Amino acid sequence: MSSPPPKRQRLSPSAAEPEQAPASSPVPSTQTAASARFDFAAQTGLFKSVATSLGVRASTEEEVGITRFVDPDLPAFTGIIKHRFTDFLVYEVDLDSNVIRLTSIDAPKSNQASASGASAPAPAPEPAKPEDMWTDAVAEAIKELLGEDRVEEFGTFVKAGPPPPLKRGEKKEDREQRVFLTGPVDDKDKRGNMHKKLRELFGGRIVSETKEIATTVAPIDDAPAPAPASEDPTTSTETPVEAEATAKEAEKPTSTHQIISINWSTNTNLSRRDRAPRPDHSALPPYIHFTLLKTNIESHAALQSLSRALGCQGRDIGTAGTKDKRAVTVQRVSIRRGGKTVEEVYRASRGGGGGRGRGRGRGRGRGGSSGGGLDRGCRIGDFAYAEKGLELGMLKGNKFVITLRDVVSTEPSTIPLAIEALRSKGFLNYYGMQRFGTAPIPTHIVGLALLRSDWKLAVELLLCERDGEGDDVVAARKLYWSGNVKDAAWDMPRRSVAEKAVLEALNKQPGDWLGALSRIPKNLRMMYVHAYQSYVFNRVVSERVQLHGADKPVVGDLVFIDSGADEAEAEEEAVEETVVESLDPDLENDDPSPSAPVMGTAAGSGLPPSRVAKARLLTAEDITEGKYTIFDVVLPLAGYAVIYPEGELGESYKRMMREDGLDPDALFRKQKEYSLGGTYRKLLHLPTSVDYKLLLSTSPTQDLARTDEDVLLSRELPPIETYDPTAGTPIPEGHSLAVQVELTLGAGTFATMALRELMKTKTSSYEQKALTMEMEERLKASAGGEATVAEPTTTAAEQVEEKMEDVVGA
């Protein structure tokens with residue numbers, strides 16, 4: 001009997017000491033090195049708090065500092081978020097406050113105006129008719145090439161035009177041949193000139209080629225002199241036999257010569273040399289903008305699809321911000337034109353396909369990259385030329401249309417009161433659960449290991465086994481922990497971007513932990529560091545509300561120095577979502593002095609770098625004057641380029657980081673990308689354009705919101721009943737209540753945190769899955785059998801992908 005497979009090893013604080021691994025194995029084969037060499041339970045702060053859950057489940061809201069509400073006295077109600085893709089519609093709001101909508105998926109017009117006021121080039125004229133191609137100027141040019149005696153013959157050839165196309169069943173060799181042959185042209189330069197002139201005169205519609213023939217005729221450029229007129233052939237002294245031999249000799253080819261064969265082109269895909277001259281597009285603006293609608297696809301995957309379909313580099317594509325995966329989102333995208341026109345971009349995006357995406361997904365596409373065109377779930381339209389490309393942060397925010405399903409409330413008046421409170425009081429500007437990932441190894445845990453410069457621990461956290469993964473990922477992790485790095489790197493699926501990059505690096509350079517981490521794409525590496533900053537920020541937000549409430553500023557709070565910093569913060573926040581850069585000029589030499597001054601507190605020894613918005617402390621005089629409100633208060637994300645609040649709240653930052661093994665006065669690193677410059681973020685966010693509807697749903701698969709694609713394709717929704725709680729009528733049997741909320745949020749804010757404040761319930765994937773299961777069980781019971789509920793909130797396969805997905809207004 002074979003022995004049972006070993007149990008999955010987790011990061012246990014009570015793990016026994018491992019045996020020594022063989023020299024070829026970078027880690028012990030019996031358990032993860034993270035648990036073997038690092039005792040999480042013996043730590044303080046963050047590491048100790050996750051000792052029992054690491055590798056088992058994702059973090060809860062409480063574990064990432066999300067514990068308070070602006071108005072905790074309002075009653076709670078429950079609802080399912082993102083049950084269907086159409087339950088979460090996101091529309092980008094540009095810097096001019098325009099809500100971006102997809103208004104056309106038709107081919108762009110040739111005379112379409114550009115964003116800069118320039119207009120597209122006029123369409124290329126239709127090819128001239130053959131008889132119109134023969135002009136006096138052309139005839140004169142042909143006379144110079146072929147001689148006067150052949151001009152008329154060549155003109156007849158041109159006017160006759162190309163041969164008719166092949167008929168059904170007709171063989172190519174049976175088709176009428178229309179070819180013009182010149183006399184011998186043995187001079188190479190003269191032949192080259194003739195080929196060139198013919199291309200210029202007829203724009204590639206008439207093509208020429210050199211052929212070799214044997215002939216007794218003297219070449220055009222080497223004709224013999226004529227015989228003297230006085231010579232009389234009758235005076236020849238040759239005998240008849242000699243004369244006959246001379247005649248036969250004359251009939252033999254005297255030499256081989258080069259001629260030029262001219263005919264009409266039948267190739268629609270002409271070579272660049274023979275193609276008609278391309279219209280001059282150099283006067284057009286250097287960028288093309290268009291609107292992208294994507295359905296249930298991550299932003300980076302959608303941009304990769306665009307790159308493949310349009311034949312451009314990823315660096316040539318620009319957006320103002322990332323958008324949610326499990327949603328239908330609309331945003332503007334720019335590409336560097338590189339000689340393309342809007343018509344060409346449109347054709348490339350179509351790729352010969354069309355129609356609605358297959359399966360449950362929406363959006364046009366072919367379901368993959370093969371065959372050209374965009375992937376399923378993507379549509380583009382509304383093309384225009386522009387002088388500049390889009391960059392991260394070039395937006396004011398996003399408008400959301402969010403449908404909450406299976407809503408349960410104890411009092412009918414709860415929902416209107418909650419909407420009004422959100423509209424007037426806003427919500428705490430927490431970083432949402434998506435920032436910390438849905439996997440059992442939270443992103444901020446890896447971020448803390450990076451900030452502690454414990455490169456090996458960071459690698460081990462990334463590669464350790466955890467619950468809820470696909471079999472292929474589990475198998476690859478087991479191979480690594482058994483010491484088989486080569487096969488682990490080969491078997492790790494490419495969707496596990498960070499893990500595969502690390503394994504491939506370790507296979508080439510065993511033990512180079514920092515080098516392996518450096519192989520992870522930079523935006524993903526920085527995601528881990530940002531997650532730790534977000535964790536500290538969330539905890540301080542909760543402490544601020546616990547100490548002083550969420551209704552007014554107090555002495556020692558921070559506000560931006562200038563009134564224009566709100567917009568600057570939005571841009572800074574959007575950039576911060578993607579990358580952390582060193583802001584300290586002393587770090588440019590990659591070898592900072594230990595005695596370099598550090599900006600850590602309000603009494604710091606210098607001013608923050610100019611790239612960080614400046615903030616100041618509120619005084620008693622500021623509070624008395626009433627110049628600032630709670631919506632002006634900001635809190636820093638930890639870094640050396642920010643100042644901290646006064647008093648207990650400022651000390652909280654230092655205490656938390658010290659508990660986590662970090663020096664709050666030394667947040668720059670020799671590895672510049674792991675240096676924390678810091679930035680500021682509003683304590684509260686006040687949404688705008690808040691509205692809502694109460695709807696009655698008869699099925700969990702029923703779409704309750706109409707997308708731009710539905711409108712363009714004339715897809716109507718089935719009739720949807722509204723519900724009036726003031727009428728006193730109960731919800732009909734077989735119906736459930738849905739709340740459709742519309743609101744606009746600024747850049748960098750999390751829509752799920754607005755929903756949390758609205759419902760006073762938790763938003764983690766675990767809580768949402770529990771609500772979905774309750775709905776399924778109820779439907780199953782009412783139907784007397786199995787109930788089919790489409791599009792579950794989160795599948796196990798999506799957990800790995802969604803660890804990179806931020807549900808943000810960016």
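## Contacts and overall make-up

Take the contacts between residues at least 6 apart in sequence: 79% of them join residues at least 24 apart. That figure, like everything below, comes from a predicted model. The protein has 810 residues, and 50% of them count as buried. In secondary structure terms, you're looking at 24 helices and 19 strands. The accessible surface comes to about 38600 Å², with 50% of that belonging to carbon and sulfur atoms.

## Strand β10 and its partners

A good place to start browsing is strand β10, residues 397-409. It's mostly covered, with 10 of its 13 residues buried. Strand β1 (residues 77-80) runs antiparallel to β10 and is joined to it by 3 bridges. If you want a landmark there, find Ile 80, which stands opposite Arg 405 of β10.

Strand β2 (residues 88-93) also pairs with β10 in the antiparallel sense, this time over 6 bridges. Here Val 93 has Gly 397 of β10 as its bridge partner. Then there's strand β19 (residues 736-746), which pairs with β10 over 8 bridges, again antiparallel. In that pairing, Asn 398 is matched with Leu 745 in β19.

## Aromatic pairs

The count of aromatic pairs comes to 18. One of them is Phe 88 with Phe 400, an edge-to-face pair with 5.7 Å centre to centre and 70 degrees between the planes. Phe 88 sits in strand β2 and Phe 400 in strand β10, so to speak two distant parts of the chain, 312 residues apart, linked by one pair. Both rings are out of reach of the probe: Phe 88 counts as buried because its relative accessibility is 0%, and Phe 400 is buried at 0% too.

Another edge-to-face pair is Tyr 431 with Phe 750, at 5.8 Å centre to centre and 75 degrees between the planes. Tyr 431 lies in the loop between β11 (427-428) and α11 (443-451), while Phe 750 lies in the loop between β19 and α22 (751-759), so this pair ties together parts that are 319 residues apart in sequence. Tyr 431 and Phe 750 are both buried. Elsewhere, Trp 134, Phe 154, Phe 157, Phe 180, Phe 202 and Trp 264 make up one aromatic cluster.

## Charges over rings

Phe 88 has a further neighbour to look at: Lys 82 lies over the face of its ring, 4.4 Å from the ring centre. A similar arrangement involves Arg 756, whose charged end sits over the ring of Phe 69, 4.0 Å from the centre.

## A four-stranded open sheet

Now for an open sheet of 4 strands, in the order β13-β12-β14-β15 with antiparallel pairing. The edges are β13 (615-617) and β15 (679-682); each has a single partner strand, so one side of each is left without a neighbour in the sheet. On average, neighbouring strands are turned by 55 degrees against each other, direction ignored.

Inside the sheet, β12 (residues 558-560) and β14 (residues 633-637) run antiparallel and are joined by 2 bridges. Leu 558 has Val 634 of β14 as its bridge partner. Helix α17 (residues 522-548) packs on this sheet and touches β14 and β15. The direction of α17 makes about 145 degrees with that of β14.

Terms used: Residues are numbered from 1 along each chain as its sequence is written. This is a predicted model: local features need pLDDT of at least 70, side-chain atom pairs count only at pLDDT 80 or more; totals for chains, interfaces and linings use all residues. Side-chain values use heavy atoms; hydrogens and water are left out. Two strands pair if DSSP finds at least two bridges between them. Axes are lines fitted to C-alpha atoms, for helices over the stretch in contact, and angles run from 0 to 180 degrees between N-to-C directions. Contact means heavy atoms within 4.5 Å. Buried means under 20% relative accessible area, exposed over 50%, partly exposed in between (1.4 Å probe, protein chains only). Accessible areas come from the Shrake-Rupley method with a 1.4 Å probe; for residues, only the protein chains shown count as cover. Rings of Phe, Tyr and Trp (its six-membered ring) pair if their centres lie within 6.5 Å; planes under 30 degrees apart count as stacked, over 60 as edge-to-face and the rest as tilted. A charge sits over a ring if NZ of Lys or CZ of Arg is within 6 Å of the ring centre and within 35 degrees of the ring normal.
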